[in-house]
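Q: Got a minute to go through the ligand sites with me? Here's the model I'm looking at.

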Amino acid sequence: MKILFATPELAPWMKSGGLGEISWSLPAALHEAGMDVCILAPAYAPLLAAFPDARQVAEFAHPGGSLLSARLLEAKADNGVRLLLIDCPGYYVRAGSAYLDGAGNDFSDNHLRFGLLSRIAALLAGSASPLRWHPDVLHCNDWPCGLAPAYLHFMGGAAAPTVMSIHNLAFQGIFQADRLEALGLPPAAFAIDGVEFWDKLSFMKAGLHYAQRIITVSPRYAEEIQTEEFGYGFAGLLRWRREDLTGILNGIDMRAWDPATDLYLPRHYEFAHLKGKDANKTALRQRLGLEPATSCPLLGVVSRITHQKGLDLLADIGEEIALLPAQLALLGSGDKHLEAALTELAGRHPGRFSVTLGYDEGLAHQIEAGSDIFLMPSRFEPCGLNQMYSLRYGTPPVVRATGGLADTVVDCNEETLADGTANGFAFTEPSAQVLLETIRRALSAWHDKALWRKLQRNGMLLDFGWAKAAEAYRMIYAGLAKRKKADRAHSPAAPDKAGTAA
Ligand code: ADP
Ligand code: GLC
């Protein structure tokens, strides 16, 4: 099975959140499961630097519309997965993240930058691909790849079937309708049964409409996005496509996130030897300038600081948390107002609260290991990775029961303690008061050493590896590839002259 996996982010070189991590660990898992998978991503500067020997395998002189020309480079990662990198310095080599400039604003040409990613994904999946390697399935991730299924639709001819993965429906790639021409899409595409979304052009809509299958990153989120509350305007479309929509829970990188071997931890530990976890707490307090108070539990947060993540709820109950008493170690970045509110809160409680703004991989691991309780009060969470890390690190999470959080965290109560599934604390109503009550509930459990050990055990022994998900993806790909063979028998190849083999 040959899979072309198109993505705008690829950890560790370019990562804004979970998508970057998944774009590395899912293809690796598919490769390990015996599939021939190739990642397609923009050649951002860190990728060019990491793969200086990448060789040119094709050139796209006129990819379509007013999209810049690009070269396609091929490289091989250490784990054997092949990378195809779209080398177009005019689009991809600049300061900032994958989507934002240094000041946190969207790049003004994001429609072209990700139009090119989508276009090349489509060209490689179509019958006129300049490569000898023809994928059986094109797997598109989030809105930046959303136009690929639309391009394929209008190219005609035999092509690999497409899967559209939703990692976060709140990001939709919406642009003015007059961008269509520059993107090389025909006017006919701008229709309600096309890329049009409330009079604008939406990359996400294109993917959801034209892809043969839609996957999202947890079963619960697959249900939720069919409701108005979570559907961000797409609930109707997703209900209409529900037969083609599947939720597959993400796995985690079990090697990078293992408290027994984690490179960032001052002391390693595992369930049978939890003493090392205390040493991590002491080291974390020291690093962050928190009081070494032994009787005060430490709450941890690692997150984008946004409305989605519900950290405004946490800011609202800051004073109450200080009085519980509890300490707080927070790492994140995002919304400037909320960053300021959280920083001010920490300023009022030196030694008790620590807020670190910015991105710090090592500190993220140390907070997972050194905290007693991990907080994720997300308003919505397609999957969420941090709650799985915290379960594995013996740091029971307090979460809102939504999306992947609901699929992984089992609220602690008499029944779940009795059947051995309890591993954290979950609440439903997204309010600061309910969050506070749930934190109180978690703290009273924390004071009961035997109960807490049970919770830690139930979380730490869970298997969040990719094997199950890889099998679910294989089944979906296989179903689509069968369809492709049937289609190929009926439709002649249509030439598309945009690409030439080098
Ligand atoms: P999302 O993708 O919505 O941000 P996820 O839970 O899927 O949420 O993934 C977020 C990933 O990014 C996690 O691995 C988390 O540890 C990491 N992360 C988020 N913020 C930071 C930060 N400030 N520093 C280091 N890692 C971070
Ligand atoms: C998105 C979601 C997050 C998910 C990640 C990887 O960023 O917000 O919940 O874990 O994608 O699928």
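A: Sure, let's take the two ligands in turn, keeping in mind that this is a predicted model.

Q: Which residues come nearest to ligand 2?
A: There are 13 residues around ligand 2, and H167, N250, E381, C383 and G384 come nearest.

Q: What polar contacts does ligand 2 have with N250 and G384?
A: The side chain of N250 has an N or O atom 2.9 Å from an oxygen atom of ligand 2. With G384 the backbone is involved: an N or O atom there lies 2.8 Å from an oxygen atom of ligand 2. On its own ligand 2 has 310 Å² of accessible area, and the protein covers 93% of it.

Q: Why does ligand 2 lie between the domains?
A: Because domain 1 (2-251 + 467-501) and domain 2 (275-460) both give residues to its shell.

Q: And which helix gives the most to that shell around ligand 2?
A: Helix α1, residues 18-32, with three residues.

Q: OK, switching to ligand 1. Which residues come nearest there?
A: G18, E21, R304, K309 and G358, out of 19 residues around ligand 1.

Q: What does R304 do there, in terms of distance?
A: An N or O atom in the R304 side chain is 2.7 Å from an oxygen atom of ligand 1. There's also a polar backbone atom of D360 at 3.1 Å from a nitrogen atom of ligand 1. Ligand 1 exposes 560 Å² when taken alone, and the protein buries 93% of that.

Q: How does the shell around ligand 1 divide by class?
A: Six nonpolar, seven polar and six charged residues.

Definitions and conventions
Residues numbered from 1 in each chain as written. Chains lettered and ligands numbered in written order. Predicted model: local features only at pLDDT ≥ 70, side-chain atom pairs only at ≥ 80, totals over all residues. Heavy atoms only, no water. Near = heavy atom within 4 Å. Polar contact = N/O pair within 3.5 Å; in protein donor to acceptor, adjacent residues only side chain to side chain. Areas by Shrake-Rupley, 256 points an atom, 1.4 Å probe, with all protein chains shown as cover. Helix = DSSP H or I, 4+ residues; strand = E, 2+ residues; numbered from the N terminus. Domains from an automatic or database assignment. Nonpolar A, V, L, I, M, F, W, Y, C, P; charged D, E, K, R; others polar.
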